[in-house]
Amino acid sequence: MFRKTLLVMIAALTPAAALAHPGHDPGGIAAGLAHPLGGADHLLAMISLGLLAAQRGGRATWALPAGFVGAMLAGGALGAAGVPLPAVEPAILASAIVIGAMVAGALRPPLAATLAGAALFGLAHGWAHGAEAPSGALLPFMAGFALATAALHGVGILAGHAIPAMLLRGAGAAATLAGLMLAVAG
């Protein structure tokens with residue numbers, strides 16, 4: 001059963017079209033809410049971060065998502081302002097792979113180091129969102145992508161608390177594998 005579910009998840013997340021970030025109408029908050037849902041790379045990283053937060057427990061349950069979203073908003077402002085940030089797409093793909101691998105290996109580096117990594121990944125995701133923000137609706141757009149990201153982290157946290165540890169680690173492995181497949185497909 002688990003293998004079948006894993007294969008379905010991988011198949012659903014591998015189309016090259018999933019990497020596309022289509023243009024968004026200047027709908028403000030609605031466009032911002034939709035943006036993180038428009039790419040498998042974003043979905044994998046954000047849900048995986050929630051899984052990691054649940055797996056770590058304690059302060060990490062709220063600190064990892066909060067650090068990611070805070071840095072993502074800063075990155076969004078940089079992207080919208082046209083400030084260059086090198087290697088954004090590789091960093092986004094790396095976030096799905098690395099965070100998934102941390103969950104798969106049940107790795108527990110110091111929380112400060114994990115928070116720093118989450119913030120760097122959040123900055124890259126935010127820059128990508130901000131660079132594609134519709135002109136004239138930046139604040140509602142940013143509010144939308146922050147809310148959608150927090151909700152995706154919440155999905156990961158809820159799933160992380162609902163499934164046994166071995167399945168949680170398997171989900172991390174699946175995210176890593178899917179991230180690797182996206183990197184190869186891109």
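**Exercise 1. The surroundings of helix α6**

Which helices are included in what covers the buried residues of α6? Establish this for the predicted model, and check the span of the helix.

*Solution.* Begin with the extent of the element: α6 covers residues 111-131. At 1.5 Å a residue, its 21 residues should span 30 Å, and the end C-alpha atoms are 30 Å apart, which agrees. Next, list the buried positions; among them are Leu-111, Thr-114, Ala-118, Phe-121 and Trp-127. The histidines His-125 and His-129 are buried as well, as are the glycines Gly-122, Gly-126 and Gly-130. Finally, identify the cover: it includes α3, α4 (60-80), α5 (88-104) and α7.

**Exercise 2. Phe-121 within α6**

Determine whether Phe-121 is buried or exposed, and identify the residues with which Phe-121 is in contact.

*Solution.* The relative accessible area of Phe-121 is 15%. Buried means under 20%, so Phe-121 is buried. Leaving aside neighbours within four places in sequence, the contacts of Phe-121 are Phe-68, Ala-91, Ala-94, Ser-95, Val-98 and Ile-99. For one of these, Val-98, the separation from Phe-121 is 23 residues in sequence and 9.9 Å in space, C-alpha to C-alpha.

**Exercise 3. Helix α3 and its end**

Compare the expected and modelled spans of α3, assess its burial, and describe the residue that follows.

*Solution.* Helix α3 comprises residues 40-56. For these 17 residues, 1.5 Å a residue gives an expected span of 24 Å, and the end C-alpha atoms are 24 Å apart, in agreement. As to burial, 14 of the 17 residues are buried, so α3 is largely enclosed by the rest of the structure. After the helix comes Gly-57, with a positive phi near 70 degrees.

**Exercise 4. Pro-65 in α4**

What does Pro-65 touch, not counting residues up to four places away in sequence?

*Solution.* Pro-65 is located in helix α4. Its relative accessibility is 11%, and Pro-65 therefore counts as buried. The residues touched are Leu-49, Ala-53, Ala-60, His-153 and Ile-157. The C-alpha atoms of Pro-65 and Leu-52 are separated by 9.7 Å, with the two positions 13 residues apart along the chain taken as their separation.

**Exercise 5. Aromatic pairing and a surface patch**

Count the aromatic pairs, classify the geometry of Phe-141 and Phe-145, and name the residues of the nonpolar surface patch.

*Solution.* The count comes to 1 aromatic pair. The ring centres of Phe-141 and Phe-145 are 5.6 Å apart and the planes lie at 75 degrees, so the pair is edge-to-face; the cut-off for this class is over 60 degrees. Phe-141 and Phe-145 are 4 residues apart in helix α7 and hence separated by about one helical turn. In an α-helix there are 3.6 residues a turn, so residues three or four places apart point the same way. Both Phe-141 and Phe-145 are buried. Helix α7 (residues 138-162) also holds Leu-147, which joins Ile-29 and Leu-33 in making a nonpolar surface patch of about 250 Å².

**Exercise 6. Positive phi in loops**

What values of phi do Ala-87 and Ala-106 have, and where are Ala-87 and Ala-106 found?

*Solution.* Most residues other than glycine have a negative phi. Ala-87, although not a glycine, has a positive phi of about 60 degrees, and is found in the loop between α4 and α5. For Ala-106, phi is positive and near 50 degrees; Ala-106 is placed in the loop between α5 and α6. With 34% relative accessibility, Ala-106 counts as partly exposed.

Terms used
Residues are numbered from 1 along each chain as its sequence is written. This is a predicted model: local features need pLDDT of at least 70, side-chain atom pairs count only at pLDDT 80 or more; totals for chains, interfaces and linings use all residues. Side-chain values use heavy atoms; hydrogens and water are left out. Helices (H or I, at least four residues) and strands (E, at least two) are DSSP runs, numbered from the N terminus. The expected span of a helix is 1.5 Å times one less than its number of residues. Buried means under 20% relative accessible area, exposed over 50%, partly exposed in between (1.4 Å probe, protein chains only). Patches are made of residues with over 30% relative accessible area and no salt bridge: like charges are joined within 9 Å, nonpolar side chains (Val, Leu, Ile, Met, Phe, Trp, Tyr) within 5 Å. Accessible areas come from the Shrake-Rupley method with a 1.4 Å probe; for residues, only the protein chains shown count as cover. A salt bridge is a side-chain nitrogen of Lys or Arg within 4 Å of a carboxyl oxygen of Asp or Glu. Contact means heavy atoms within 4.5 Å. Rings of Phe, Tyr and Trp (its six-membered ring) pair if their centres lie within 6.5 Å; planes under 30 degrees apart count as stacked, over 60 as edge-to-face and the rest as tilted.
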